[in-house]
Amino acid sequence: EARRNLQQDGGEMNRYIVRHGEAEAGNNDVARMLTDRGRIEVGSVAAAMSQRGAVVSQIRHSGRARAQETAEIFAGVLTPSAGVIATPGIHPEDPVDPIALSLYGERDSFMLVGHLPFIARLVGLLTVGDANRAPVNFSTATIACLQGEDSQWELVWTESPG
């Protein structure tokens, strides 16, 4: 029961780390949009997140089309008070240390929508101290809820489509 209570955002500082939904194939990686299946999967995960009582103040994404579209679907369900913004430094091959350090001192719960391998490396660094040891298999539209502050983060739950 205590674990169930942690699944709701009762004032805790949560970070929701999300891999974008399934994207169309194509050569222009920046412009690839979600597939119909990707939109459906993201919508189902967003609904499940809402049922958990999750609250986010802001949704940040990489600026790539599929991440932005994923962020906007989540925003339609979660209505973040500070909106949806593109954030530099969270592209697939970007180093994770600068983003991990930027979390220090942040006191609002937010969502970060990005790409592999970046998000897996970030979650590994935050939870086990090793960017090469991700505790989550980030299939498309998967979300990981981390709870804590500064350098002390715990993986509380994950949600995947289906």
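An open sheet of six strands, in the order E3-E2-E4-E1-E5-E6 and with mixed pairing, is the starting point for this briefing. The model is predicted. The protein chain holds five helices alongside its six strands, and along the sequence these elements follow the pattern α-β-α-β-α-β-α-β-α-β-β. The notes below take the sheet, the helices that lie across it, one helix pair, a buried loop residue and the chain as a whole.

**The sheet and its edges**

- The sheet is bounded by strand E3 (84-86) and strand E6 (152-159), each of which pairs on one side only.
- From one strand to the next, the twist averages 25°.
- Strands of a sheet pair through backbone hydrogen bonds, and the pairing can be parallel or antiparallel.
- At the E3 edge, strand E2 (residues 58-61) and E3 run parallel and are joined by three bridges.
- Within that pairing, Ile 59 stands opposite Val 84 in E3.

**Strand E5 and its partners**

- Six of the seven residues of E5 are buried, so E5 is largely enclosed by the rest of the structure.
- E1 and E5 run antiparallel, with five bridges between them.
- Arg 15 has Leu 146 in E5 as its bridge partner.
- E5 and E6 also run antiparallel, and seven bridges join them.
- Across this second pairing, Cys 145 stands opposite Trp 157 in E6, and Glu 149 stands opposite Gln 152 in E6.
- E5 and E6 form a hairpin with two residues between them.
- Asp 150, in the turn of that hairpin, has a positive phi of about 50°.

**Helices across the sheet**

- H2 lies across strand E1 (14-19), strand E4 (110-114), strand E5 (143-149) and E6.
- The direction of H2 is at about 120° to E6.
- Helix H5 (residues 118-128) likewise lies across E1, E4, E5 and E6, and runs at about 150° to E1.
- The buried residues of H5 are Phe 118, Ile 119, Ala 120, Leu 122, Val 123, Gly 124 and Leu 126.
- Cover for these buried residues of H5 includes E1, helix H4 (97-102), E4, E5 and E6.
- After H5 comes Gly 129, with a positive phi near 75°.

**Packing of H2 against H3**

- Two packed helices are described by the distance between their axes and the angle between those axes.
- For helix H2 (residues 36-51) and helix H3 (residues 65-78), the axes come within 9 Å and cross at roughly 35°.
- The crossing of H2 and H3 is right-handed.
- On the H2 side, the residues that meet H3 are Arg 39, Val 42, Gly 43, Val 45, Ala 46, Ala 47, Met 49 and Ser 50.
- On the H3 side, the residues that meet H2 are Glu 69, Thr 70, Ile 73, Phe 74, Val 77 and Leu 78.
- Sorted by class, the contact of H2 with H3 has nine nonpolar, three polar and two charged residues.

**Thr 142, a buried loop residue**

- Thr 142 is found in the loop between H5 and E5.
- Thr 142 has a relative accessible area of 1%, and because buried means under 20%, Thr 142 counts as buried.
- Leaving aside neighbours within four places in sequence, Thr 142 is in contact with Ile 17, Val 18, Arg 19, Val 136, Asn 137, Glu 159, Ser 160 and Pro 161.
- Thr 142 and His 20 are 122 residues apart in sequence, yet their C-alpha atoms are 7.7 Å apart in space.

**The chain as a whole**

- The radius of gyration of the protein chain is 14 Å; a compact globule with 162 residues would have a value near 15 Å, so the two agree.
- Taken along the principal axes, the C-alpha atoms fill a box of roughly 45 × 30 × 30 Å.
- Of the 162 residues of the protein chain, 48% count as buried.
- Among contacts between residues at least 6 apart in sequence, 67% join residues at least 24 apart.

Notes
Residues numbered from 1 in each chain as written. Predicted model: local features only at pLDDT ≥ 70, side-chain atom pairs only at ≥ 80, totals over all residues. Heavy atoms only, no water. Axes fitted to C-alpha atoms, helices over the stretch in contact; angles between N-to-C directions. Helix = DSSP H or I, 4+ residues; strand = E, 2+ residues; numbered from the N terminus. Left-handed = near helix turned anticlockwise from the far one by under 90°. Contact = heavy atoms within 4.5 Å. Nonpolar A, V, L, I, M, F, W, Y, C, P; charged D, E, K, R; others polar. Pairing = 2+ DSSP bridges. Rg over C-alpha atoms; globule rule 2.2 N^0.38 Å. Buried < 20%, exposed > 50% of the residue type's maximum accessible area, 1.4 Å probe, protein only.
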